[in-house]
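Colleague: Got a minute to go through this one with me? I'd like to start with the strands and then jump around a bit.

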Amino acid sequence: QVQLVESGGGSVQAGGSLRLSCVASESITYRTFMGWFRQAPGKEREWVASISVVYDDPYYADAVKGRFTISQDNAKNTVYLQMNNLKPEDAAMYYCAESSKYLSPLTLARPVEYQYWGKGTQVTVSS
């Protein structure tokens, strides 16, 4: 059973930065895409960013484009999410996810396309 463990969450003021990490229990090269999602209380799970494991191509939701950066370190089985200029609306539980499917830009934002999930790390942003 694949395990994903997120870390790096915390509490910051608006304008601050955090770097989230997601460590997988097996090589991420077995997967096609790695993604980050978030969920705030009372809201649906929202796609944040994904990266193609093979081509190293990043994809971002409009809400975070220009502020967040997704990256991977295959040697460490780790995916990162660098979050800069955080806003109060970025506050949520952030989840890492893996997919073994060949996703398109139209489908990679769908949580159902990801087979493995971490338990999340909390991000709080104060104004």
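**Strands, a disulfide and a pocket**

Modeller: Sure. Strand 4 and strand 5 form a hairpin with 6 residues between them, and Gly 42 in the turn has a positive phi of about 80 degrees. Bear in mind that this is a predicted model.

Colleague: Noted. In what sense do strand 4 and strand 5 pair, and over how many bridges?

Modeller: They pair in the antiparallel sense, over 6 bridges. Strand 4 covers residues 33-39, and strand 5 covers residues 46-52.

Colleague: Which residue in strand 5 is opposite Met 34?

Modeller: Ile 51. Another pair in that hairpin is Phe 37 with Trp 47 of strand 5 as its bridge partner.

Colleague: And what does Ile 51 pair with in strand 6?

Modeller: Pro 58 is its bridge partner there. Strand 5 and strand 6 (residues 58-60) are antiparallel, with 3 bridges. They make a hairpin too, with 5 residues between the strands, and Asp 56 has a positive phi near 60 degrees.

Colleague: Back to strand 4. How many bridges join it to strand 9?

Modeller: There are 7, and those two strands run antiparallel. As an example of who faces whom, Gly 35 stands opposite Ala 97 in strand 9.

Colleague: How many residues of strand 4 are buried?

Modeller: 6 of its 7 residues, so strand 4 is mostly covered. For strand 5, 6 of the 7 residues are buried, so that strand is largely enclosed by the rest of the structure.

Colleague: Switching topic. How many disulfides does the structure hold?

Modeller: It holds 1. The disulfide joins Cys 22 to Cys 96, with an S to S distance of 2.1 Å. Cys 22 sits in strand 3 (residues 18-24) and Cys 96 in strand 9 (residues 92-99), so the bond ties together parts that are 74 residues apart in sequence.

Colleague: Is that disulfide left-handed or right-handed?

Modeller: The torsion about the S-S bond of Cys 22 and Cys 96 is about -75 degrees, so it's left-handed.

Colleague: Are Cys 22 and Cys 96 buried or exposed?

Modeller: Both are buried.

Colleague: While we're on strand 3, what about Arg 19?

Modeller: Arg 19 is found in strand 3. Its relative accessibility is 45%, so it counts as partly exposed.

Colleague: What does Arg 19 touch, leaving out residues up to four places away in sequence?

Modeller: Ser 7, Gly 8, Tyr 80, Leu 81 and Gln 82. As for Gly 8, it is 11 residues from Arg 19 along the chain, and their C-alpha atoms are separated by 5.8 Å.

Colleague: Last topic, pockets. What volume does the largest pocket have?

Modeller: About 150 Å³.

Colleague: And which residues line the largest pocket?

Modeller: The lining is Thr 32, Phe 33, Ser 52, Val 54, Tyr 55, Asp 57, Tyr 59, Tyr 102, Leu 103 and Pro 105.

Colleague: How does that lining divide into nonpolar, polar and charged?

Modeller: The lining of the largest pocket has 7 nonpolar, 2 polar and 1 charged. Tyr counts as nonpolar in that split.

Definitions and conventions: Residues numbered from 1 in each chain as written. Predicted model: local features only at pLDDT ≥ 70, side-chain atom pairs only at ≥ 80, totals over all residues. Heavy atoms only, no water. Disulfide = S-S within 2.5 Å. Helix = DSSP H or I, 4+ residues; strand = E, 2+ residues; numbered from the N terminus. Buried < 20%, exposed > 50% of the residue type's maximum accessible area, 1.4 Å probe, protein only. Pairing = 2+ DSSP bridges. 1 Å grid on protein atoms, 1.4 Å probe; cavity = no way out; pocket = protein on both sides within 12 Å on 5 of 7 lines; lining within 4 Å. Points joined across faces, edges and corners; volume = space filled by probe spheres on them. Contact = heavy atoms within 4.5 Å.
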